[in-house]
Amino acid sequence: MLRRSEPGRQCFLPGLCLIATALFPLTLHAAESSPFAACALNKAISGKLSLKGKTWTYERRLATLTLHDAKGNPTACLSYVSYTADRSPSRPVTFFFNGGPGSSGLFLQLGSFGPLRVPAEASRLAEDAHYNAATNPMTLLDASDLVFVDPVGTGFSHPLRDKKNADFWGVDQDAAASADFVAAYLDSARKWNVPLYLFGESYGTTRISVTSRVLAERGIFLNGLIFMSTVLNYGERLPGMDMTTLSYLPTYAAIAWFHRKSGYQNLNLNALISQAESFAATTYMQALWQGKNLDLTTERAVTGELARYTGLSIETIRAHALRPDVNTFRSELLKSDALITGRYDARATAPMSYLAPDAPDFDPSNENVRTPLTTVWNKQLGQDFGYDGERPYVIYDNTTSSVWDWRHKAKGRSRLLETAVTGGDLAETMARNPGMRVIFLNGLYDLAAPFSLTAYDIRHLNLPISQIQEISFCRYPAGHMMYFDNHALKITSQDLHKFYDNKKPCYYK
């Protein structure tokens, strides 16, 4: 019998384990394996879909792979869902990694580019509570086999023998395990000599930056890296780092424009973003550089411009020393309407809590998609895969980030960096493998990973400008999980098909 939820296991099946985190704080590692636990899950079903006039027969497999250390001892059991078609020995393979850290591959597997998709929208909650997966015409299955990976502590993935989650919950530890999984899968599927791609979303972009370097050091070169909603440098997010403040302005401006709160409502969106980026890189940057030395006349002028771009009041901007943070923006933009905005997709709104009006306690854009996917996946586990095991599937563990080892061993540094700064890893991978292609996918309404900060990080990669100019940088009218927007998903799918065809869908500027 499938155990839908159990106290102490952060499984969100069907959401009750979120409560368990508070009620049973001492059972954080209850989902870890007992010694010598088996790693033998392997269930496959077949499916069909029609794409561009061609019928594709594919195999959908829910399985696990055992990872080993250098001495051959088993260290972890990682679960995954794969979609394979065509049986061609030269068919590409793409490995998908979600973020968090602490997220399984489920959102990507059932929300993005697999042949089956739950038609959820981040900007609004579906009115019909009878959720189902449908054939996905935007799938990438016609371009590549697809493997959605569950890192340790998510999905059915767990440590083996004397290992603990903590042995894998860290920037470098996680990247090593991810590289181990890629190698183990290639070995088991006999896919060593095929085009290889890594796809990362959110923290998954941090993950694939380091994993790609580890693979390159092991002699496994990739054909491409796909970054969605990117975070390459967590150091930029530390308190007092004005670059992040500057980079958020174009995102704030786009969101205010969407909600018709902008002082530049007469501009089209692209023109507004371009103007906001120019203001951030000049006048706004110079003002923040002055700090407490900023004169009153300039302060008033900059505050007025920020109010026009962001839709926030002059009083709010001054109260935050010209640096309104994300929670302030989410709670203040639509305060007159008694609404908060989403974080992952700020087009989503929800009623404001009068108990804590200045601190949104949930993200409506996340709630709008989590329930449909959780419901459908629970149903598929039992009905489609016939899973009746004891271990619950951990969709997302919201405790992982707080215990994560954020330190990172960067190239050329004798000491560990105190947080994940991984642009150097990406640059080294690209330098080792100059033929590897790279694409960045960015949502305009994403308050978790602002697109201008990604552009800044690309500009500062330690690479020749000619190589940087070969990077594709794409922006879409969507949020963090842009595949939860049907229009954006269609455009993104078209751009990625061009990418797989060795064409450049978007140009970096």
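**Exercise 1. Describe how helices H3 and H4 cross and what residues make the contact.**

Solution.

Step 1: handedness. H3 and H4 form a right-handed crossing. The model is a predicted one.

Step 2: contact residues. H3 contributes Val-171, Asp-172, Asp-174, Ala-175, Ser-178, Ala-179 and Val-182. H4 contributes Tyr-203, Arg-207, Val-210, Thr-211, Val-214 and Leu-215.

Step 3: classes. The contact has eight nonpolar, two polar and three charged residues.

Step 4: geometry. H3 spans residues 171–189 and H4 spans residues 203–217. Their axes come within 8 Å and cross at roughly 65°. Angles of 65 to 115 degrees count as roughly perpendicular, so H3 is roughly perpendicular to H4.

**Exercise 2. Place Ser-212: which helix holds it, and is it buried or exposed?**

Solution.

Step 1: location. Ser-212 sits in helix H4.

Step 2: burial. The relative accessible area of Ser-212 is 1%. The cut-off for buried is under 20%, so Ser-212 is buried.

Step 3: surroundings. Setting aside neighbours within four places in sequence, Ser-212 is in contact with Leu-198, Leu-222, Leu-225 and Thr-429.

Step 4: side chain. The Ser-212 side chain reaches the backbone oxygen of Ser-209 at 2.9 Å.

Step 5: a long separation. Ser-212 and His-480 lie 268 residues apart in sequence. C-alpha to C-alpha, they are 22 Å apart in space.

**Exercise 3. Work out where Ser-331 lies and which backbone oxygen its side chain reaches.**

Solution.

Step 1: location. Ser-331 belongs to helix H9, residues 326–332.

Step 2: burial. Ser-331 has a relative accessible area of 1%, so it is buried.

Step 3: partner. The side chain of Ser-331 reaches the backbone oxygen of Thr-328 at 3.2 Å.

Methods:
Residues are numbered from 1 along each chain as its sequence is written. This is a predicted model: local features need pLDDT of at least 70, side-chain atom pairs count only at pLDDT 80 or more; totals for chains, interfaces and linings use all residues. Side-chain values use heavy atoms; hydrogens and water are left out. Axes are lines fitted to C-alpha atoms, for helices over the stretch in contact, and angles run from 0 to 180 degrees between N-to-C directions. Helices (H or I, at least four residues) and strands (E, at least two) are DSSP runs, numbered from the N terminus. Angles under 35 degrees count as roughly parallel, over 145 as roughly antiparallel, 65 to 115 as roughly perpendicular and the rest as oblique. A crossing is left-handed if the near helix is turned anticlockwise from the far one by less than a right angle, and right-handed if clockwise. Contact means heavy atoms within 4.5 Å. Ala, Val, Leu, Ile, Met, Phe, Trp, Tyr, Cys and Pro count as nonpolar, Asp, Glu, Lys and Arg as charged, and the others, Gly among them, as polar. Buried means under 20% relative accessible area, exposed over 50%, partly exposed in between (1.4 Å probe, protein chains only). A polar contact is a pair of N or O atoms within 3.5 Å; within protein, one must be able to donate a hydrogen and the other to accept it, and residues adjacent in sequence count only if both atoms are side-chain atoms.
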